Amino acid sequence: MQFCILRATLYADKMRLNIVHPGADELTYEIREIVEVGRELERMGVPILWENIGDPVAKGEKIPQWIKDIITKTVVEDESSFAYSPTKGLLATREFIAKMRNAEGGAQITPEDILFFNGLGDAISKVYTYLHKTARVIGPNPAYPTHSSSEGAHAGSHHITYALNPHRNWLPDLEDLRNKVKYNPNIAGILIINPDNPTGMVYPEKVLREIVAIAREFDLFIISDEIYANIVYGEEKMLTLSQVLGDVPGIAMKGLSKEIPWPGARSGWIEFYNKQKDPLFARYAKSLVDAKMLEVCSTTLPQKVLPQIFSDARYPAYLKSRAAAYAHRADIAYNIFRGVRGITAPKPAGAFYMAGVFDDGILNGHQTLPIVSEEVKRFIEQKVSGVSPDKRFAYYLMASTGICVVPLSGFNSNLHGFRVTLLEGDEVKFRTTMQTIADKIGEYIKTI
Ligand SMILES: Cc1ncc(COP(=O)(O)O)c(C=O)c1O
């Protein structure tokens, strides 16, 4: 009794056990974290131009009426939107997807190889959570943070990466990839994001085939996040994982958030390729289905309308027109940033992002931009204390101009730079925003 009282007094502020997951520190998502700073600035009277979030709808893109009509017609059917769906997803939808995939002529799948999730974010989280504790997946640097954070958290240590080279159009450094795979026996899989977020790079066929060859040589599986697969506008032809992986086990990740675009539907799915070729891969795939079963299923309505939308004759033309708009904005931004000393910003070929990297050593901890309000200035000076050099730039840019970009270091990267989106539909506003960023880079790197 006495001991209990003494213990309670001594450890009053302590949990009985450490309840913090060993990977807790890996969970970061700068794309949204920077919003908090932006909101504070808004409260101080700085109007913010949100260039951070990849949500076309939030940026004002209009969903075609015919898509809305399909959804509104379907939503009133009780079983379509109010009922649970099967754990893997509606059978008719999975049959539709399997047929569409098999027509591409690559790895063949059945509806049983498809598993729906509540958005790809849910899929990404489960794919890493249910990997064996010591099995690692190597991914690109810079990386979309949901992948790098979830993978790092699963393993309780930093995500392992291969470099994307900004001086070679963001192409992956295959020698780096090969060496890391070779000398790290815990690597069990390779992640590619194709087209890539944050760089807009589309993996060329030759590169994809070399990655597949590395996976085959070392008995790895491949994950290909293809959420932007239908938003491609560069010279590079987009090839999906199913078209190049041959007999290597693989997972493709697809979704509705970006291409309909319908991020609020929270709907995405994964496709397992060559499950039958490896019993461990098949067992792992089953564990993902079992994990989803514990949750019962994923959102029903988006699955129900997917075949109707994807098979509509207007859909390809709609995607084409959106891709053309991004291509045009990519040209504008590329031509603006190309003239700026101190940064490299390759032209994106897919998705709707563009990333610029500062030259080595050009940033320091003293550079600033003019800020009119004393209150805002004091706030930002306090916020930049101890942050990475590109975050410092992003904070000053936001306080000085209201433009909110994401620092590249927030993409689990050792590179310092920024990511912008190509989502602004008002061309004058888009040009002005990009030009302002370019001008401010010039101003910023001049200050010592
Ligand atoms: C590469 C990539 N994968 C997955 C996601 C998450 O998509 P969802 O809205 O389906 O969760 C995003 C969102 O920005 C993304 O850029």
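1. In this predicted model, helix α2 (residues 30–43) and helix α15 (residues 389–401) have axes that come within 10 Å and cross at roughly 25 degrees. The two helices, α2 and α15, are therefore roughly parallel to each other, since angles under 35 degrees count as such. The crossing in which α2 passes α15 is right-handed. On the α2 side the contact is made by Ile34, Val37, Gly38 and Leu41, and on the α15 side by Ala394, Tyr395, Met398 and Ala399. Sorted by class, the contact of α2 with α15 has seven nonpolar residues and one polar residue, with no charged residues.

2. A second helix pair to look at is α6 (residues 120–129) with α7 (residues 145–155), which pack with their axes 8 Å apart and at an angle of about 25 degrees. That angle makes α6 roughly parallel to α7, and α6 passes α7 in a right-handed crossing. Here Gly121, Ile124, Ser125, Tyr128 and Thr129 of α6 meet Thr146, His147, Ser150, Glu151 and His154 of α7. By class, this contact of α6 with α7 has two nonpolar, seven polar and one charged residues.

3. The third pair is α3 (residues 65–75) with α12 (residues 301–310), whose axes come within 10 Å and cross at roughly 135 degrees. This makes α3 oblique to α12, and the crossing of α3 and α12 is right-handed. The residues that meet are Ile67, Ile70, Ile71, Thr74 and Val75 from α3, and Leu301, Lys304, Val305, Gln308 and Ile309 from α12. The contact of α3 with α12 comprises, by class, seven nonpolar, two polar and one charged residues.

4. The domain assignment divides the protein into domain 1, which is given as 24–61 + 315–446, and domain 2, which is given as 78–310. The C-alpha centres of domain 1 and domain 2 lie 27 Å apart, and 37 residues of domain 1 are in contact with 38 residues of domain 2. On the side of domain 1 that touches domain 2, at least two residues each are supplied by α2, α13 (314–337) and β11 (353–358), and the largest share, seven residues, comes from α13. By class, that side of domain 1 has 23 nonpolar, eight polar and six charged residues.

5. The ligand is surrounded by 14 residues, and the closest of them are Gly119, Leu120, Gly121, Asn197 and Ser257. One of these, Gly121, also belongs to the α6 residues that meet α7. The shell around the ligand divides by class into five nonpolar, eight polar and one charged residues.

6. Three backbone details deserve a check by eye. Most residues other than glycine have a negative phi, and most peptide bonds are trans. Against that background, a cis peptide bond joins Asn141 and Pro142, with omega about 5 degrees, and Pro142 is found in the loop between β3 (136–141) and α7. Another cis peptide bond joins Ile260 and Pro261, with omega about -15 degrees, and Pro261 is placed in the loop between β8 (250–255) and β9 (268–273). Finally, Asp219 has a positive phi of about 55 degrees although it is not a glycine, and Asp219 lies in the loop between α9 (205–218) and β7 (221–225).

Methods: Residues are numbered from 1 along each chain as its sequence is written. This is a predicted model: local features need pLDDT of at least 70, side-chain atom pairs count only at pLDDT 80 or more; totals for chains, interfaces and linings use all residues. Axes are lines fitted to C-alpha atoms, for helices over the stretch in contact, and angles run from 0 to 180 degrees between N-to-C directions. Helices (H or I, at least four residues) and strands (E, at least two) are DSSP runs, numbered from the N terminus. Angles under 35 degrees count as roughly parallel, over 145 as roughly antiparallel, 65 to 115 as roughly perpendicular and the rest as oblique. A crossing is left-handed if the near helix is turned anticlockwise from the far one by less than a right angle, and right-handed if clockwise. Two residues are in contact if their C-beta atoms, placed from the backbone, lie within 7 Å. Ala, Val, Leu, Ile, Met, Phe, Trp, Tyr, Cys and Pro count as nonpolar, Asp, Glu, Lys and Arg as charged, and the others, Gly among them, as polar. A residue is near a molecule or strand if its C-beta atom, placed from the backbone, lies within 6 Å of it. Domain bounds come from an automatic or database domain assignment.
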